[in-house]
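Thanks for asking me to look through this one with you. Here are my notes, in the order I would read them at the screen.

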Amino acid sequence: MHIQDVNITGCSSGQKGGGIAITSMADALLENVRIYNGASEQGGALAIFPLYSYSSGTAEVVVDSCLLLGNNATQSGGALFASQGVVTVQASTFMNNTAMSMSGGQVAIESGASLVLSNSALSGGTAPSGGGLSVAGNATISSTLLTQNLGTAGGGGALYVTGSAVVNHSQFWG
């Protein structure tokens, strides 16, 4: 799937992916996509997850030059939630996204998923833990700015890690 130069505003889902839901059976490239004010339980803007509990496929999803703004999840991943697959985010901005009851105000990466995050900014995210980014899977973060993110209960205003993370040439502040 290739989505390019698209605006998605005010969409919602009862479960995953308020704007876009991608199963582990599909690969996707999102270029210059803007998702505003989405809402769901997990991944207010975007969710990557197995179609069935026994699914063995691994999605490869690239988010390039995208803006995810003002999205909300009642559980995890205010903007982006991934429980399976490999997610590459580059040259993108996540701003003012919220996870209400769990983790990852901007982004939540669960134990079955991996994230490569580069040349991006995560600002103004809020969650009980990991206001900017929550990692239970694996993450490599480089040349990325995490600013003004808030962990309201469990900690990790910028970054909350229970899995594995490597961080290079990045800035966390405020």
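The numbered points below go from the whole chain to single residues.

1. **Start with the kind of model.** Please keep in mind as you read that this is a predicted model. Every value below is computed from its atoms.

2. **Overall fold.** The secondary structure of the protein chain comes to 25 strands and 0 helices. Its C-alpha trace spans about 35 × 30 × 30 Å along the principal axes. The radius of gyration is 14 Å, which agrees with the value near 16 Å for a compact globule of 174 residues.

3. **Burial and surface.** Of the 174 residues, 49% count as buried. The protein chain exposes about 7100 Å², and carbon and sulfur atoms supply 50% of that area.

4. **Contacts along the sequence.** How many of the contacts between residues at least 6 apart in sequence join residues at least 24 apart? The share is 82%. Phe81 and Ile109 offer a pair to look at: they are 28 residues apart along the chain, and their C-alpha atoms are separated by 6.1 Å. For Gly154 and Val167, 13 residues apart along the chain, the C-alpha separation is 21 Å.

5. **Phe81.** You will find Phe81 in strand E11, residues 80-82. Is Phe81 buried or exposed? Phe81 counts as buried because its relative accessibility is 3%, under the 20% cut-off. Beyond the residues up to four places away in sequence, Phe81 touches Lys16, Gln42, Gly43, Leu46, Ala47, Ile48, Ser76, Ala108 and Glu110.

6. **Ser129 and Gly154.** These two are best read together. Ser129 is found in strand E18, residues 126-129, while Gly154 has its place in strand E22, residues 150-155. With 10% relative accessibility, Ser129 counts as buried. Neighbours within four places in sequence aside, Ser129 is in contact with Met102, Ser103, Gly104, Gly154, Gly155, Gly156 and Tyr160. Seen from the other side, and with residues up to four places away again not counted, Gly154 touches Pro128, Ser129 and Tyr160. Tyr160 is thus among the contacts of Ser129 and also among those of Gly154.

7. **Thr98.** Strand E14, residues 98-99, holds Thr98. At 19% relative accessibility, Thr98 counts as buried, since the cut-off is under 20%; I would keep that figure in view when using the label. Leaving aside neighbours within four places in sequence, its contacts are Asn71, Asn72, Ala73, Gly78, Gly105 and Thr126.

8. **The cysteines.** A disulfide is a covalent bond between the sulfur atoms of two cysteines. The structure holds 0 disulfides. Why is Cys11 not bonded to Cys66? The sulfur of Cys11 has its closest cysteine sulfur in Cys66, 15 Å away, and this is too far for a bond. The search from Cys66 leads back to Cys11, again at 15 Å and too far for a bond. As for their surroundings, Cys11 is partly exposed at 33% relative accessible area, whereas Cys66 counts as buried at 4%.

9. **A nonpolar patch.** Which residues make the nonpolar surface patch of about 330 Å²? They are Met25, Leu51 and Tyr52. Tyr52 lies in the loop between strand E7 (46-49) and strand E8 (60-64). With a relative accessibility of 45%, Tyr52 counts as partly exposed.

10. **Two serines with positive phi.** Since you may be checking the backbone, have a look at Ser65 and Ser143. Ser65 has a phi near 55 degrees, a positive value in a residue other than glycine. Ser65 lies in the loop between E8 and strand E9 (67-69), and is partly exposed with a relative accessible area of 35%. Ser143 is not a glycine either, yet has a positive phi of about 50 degrees. The loop that holds Ser143 runs between strand E20 (138-142) and strand E21 (145-147). Ser143 is partly exposed, with 35% relative accessible area.

Conventions
Residues are numbered from 1 along each chain as its sequence is written. This is a predicted model: local features need pLDDT of at least 70, side-chain atom pairs count only at pLDDT 80 or more; totals for chains, interfaces and linings use all residues. Side-chain values use heavy atoms; hydrogens and water are left out. Helices (H or I, at least four residues) and strands (E, at least two) are DSSP runs, numbered from the N terminus. Buried means under 20% relative accessible area, exposed over 50%, partly exposed in between (1.4 Å probe, protein chains only). Contact means heavy atoms within 4.5 Å. Patches are made of residues with over 30% relative accessible area and no salt bridge: like charges are joined within 9 Å, nonpolar side chains (Val, Leu, Ile, Met, Phe, Trp, Tyr) within 5 Å. Accessible areas come from the Shrake-Rupley method with a 1.4 Å probe; for residues, only the protein chains shown count as cover. A salt bridge is a side-chain nitrogen of Lys or Arg within 4 Å of a carboxyl oxygen of Asp or Glu. A disulfide is a pair of cysteine sulfur atoms within 2.5 Å. The radius of gyration is taken over C-alpha atoms; the globule rule is 2.2 Å times the number of residues to the power 0.38.
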